[in-house]
Amino acid sequence: MTQVVAITGAASGIGLAAARLYAERGFQVIAVDVDEEALAKAGTLDGVTTLHGDVASEATNEEFAALALERFGRLDAVVLNAGTGGAGPLDSPGALERFDRILAVNLRAVALGIRASLPAFRALGEGSVVVTSSVSGLGGDPATWAYNASKAGVINLVQGLALDYAVENIRINAIAPGGALTALTASVLAHPELGAAVTRRIPLQRWSDPREQAEAIWFLTSPAASYITGATIPVDGGLSANNGIMLPPAFAGDTPH
């Protein structure tokens, strides 16, 4: 029987790469995003059904689970990938309001998505969730305090909920991307000096293609990862392995691809 995955933040970046990968491998995909125009493009992929909505809304999360059951009769896996950044200095006007929005999308929506998926998982007797955290959840970054807090919260939420639902054969894991080529990181690469400096700190000395992140997500929902739950896997070219005191060795010649 065809398996079904729901993916949030599926209109671009890692989410779109994941939607494409799962569809290529025979899954039916429920692609969820707040960007209706970009989502329409994702909907042109074979095997992809789109749902326009804001993951910070409980209703959107309930709707993707209901849509999977109504249209396909099952929901095997959920990829909670939607995210947002920003906030600005803590003492700037509106910073706390922006912080609330970041937490709503990056952290609270994860809890909503998992809760909405539980009845479908229970009907199958199993289920798998993968959440997109970040290396920014493993430590601090300058001027990114709100995003850091939200992604660190994701890691701990995944651990706690993995403990609660392991008894029901529901696995909950996360990836921690670093240096992925997405809309959230475009401004870094657009700055010549900053982009080069960050790239130099990545031991593999290149940024990842979103497809590489999607492959890690795929692994965690696959039978190959059947004994993994509560884990966060950095997919960061070795970035989080460095304590930051010294730069990793430089490659001789061209940057690898």
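How many bridges join β6 to strand β7, and do the two run parallel or antiparallel? Four bridges join them, and the strands run parallel, with β7 covering residues 232-235. Keep in mind as you look around that this is a predicted model.

**Strand β6 and its neighbours**

Let's stay with β6, which spans residues 170-177. This strand is mostly covered, since eight of its eight residues count as buried. Try following the side chains along the strand: Ile170, Ile172, Ala174 and Ala176 point one way, while Arg171, Asn173, Ile175 and Pro177 point the other way. Both sets are buried.

On the β7 side, you can find Pro177 of β6 standing opposite Val235. Strand β6 also pairs with β5, which is made of residues 127-132. Here six bridges join the strands, and again β5 and β6 run parallel. To locate this pairing in the model, look for Val130, whose bridge partner in β6 is Asn173.

How does the chain get from β5 to β6? Helix α5, residues 145-165, belongs with these two strands in a β-α-β unit, and that unit is right-handed.

**Aromatic rings**

Now for the rings. A pair of aromatic rings is described by how far apart the centres are and by the angle between the planes. This structure holds four aromatic pairs, and two of them are set out here.

| Pair | Centre to centre | Angle between planes | Arrangement |
|---|---|---|---|
| Tyr22 and Phe27 | 5.1 Å | 80 degrees | edge-to-face |
| Phe99 and Trp145 | 5.1 Å | 40 degrees | tilted |

Why is the pair of Tyr22 and Phe27 edge-to-face? Its planes stand at 80 degrees, and an angle over 60 counts as edge-to-face. Tyr22 is buried because its relative accessibility is 0%. Phe27, with a relative accessible area of 10%, is buried too.

The other pair in the table links two helices: Phe99 lies in α4 (residues 95-124) and Trp145 in α5, so the pair ties together parts that are 46 residues apart in sequence. Is each ring buried or partly exposed? Phe99 is buried, with a relative accessible area of 18%, whereas Trp145 is partly exposed, at 26%. The cut-off explains the two labels, because buried means under 20% relative accessible area.

Finally, return to Tyr22 and Phe27, which form one aromatic cluster together with Trp218. Over the face of Trp218 lies Arg25, at 4.9 Å from the ring centre.

Key
Residues numbered from 1 in each chain as written. Predicted model: local features only at pLDDT ≥ 70, side-chain atom pairs only at ≥ 80, totals over all residues. Heavy atoms only, no water. Buried < 20%, exposed > 50% of the residue type's maximum accessible area, 1.4 Å probe, protein only. Pairing = 2+ DSSP bridges. Right-handed = clockwise from strand over helix to strand, strands pointing away. Phe/Tyr/Trp six-rings, centres within 6.5 Å; stacked < 30°, edge-to-face > 60°. Lys NZ or Arg CZ within 6 Å of the ring centre and 35° of its normal.
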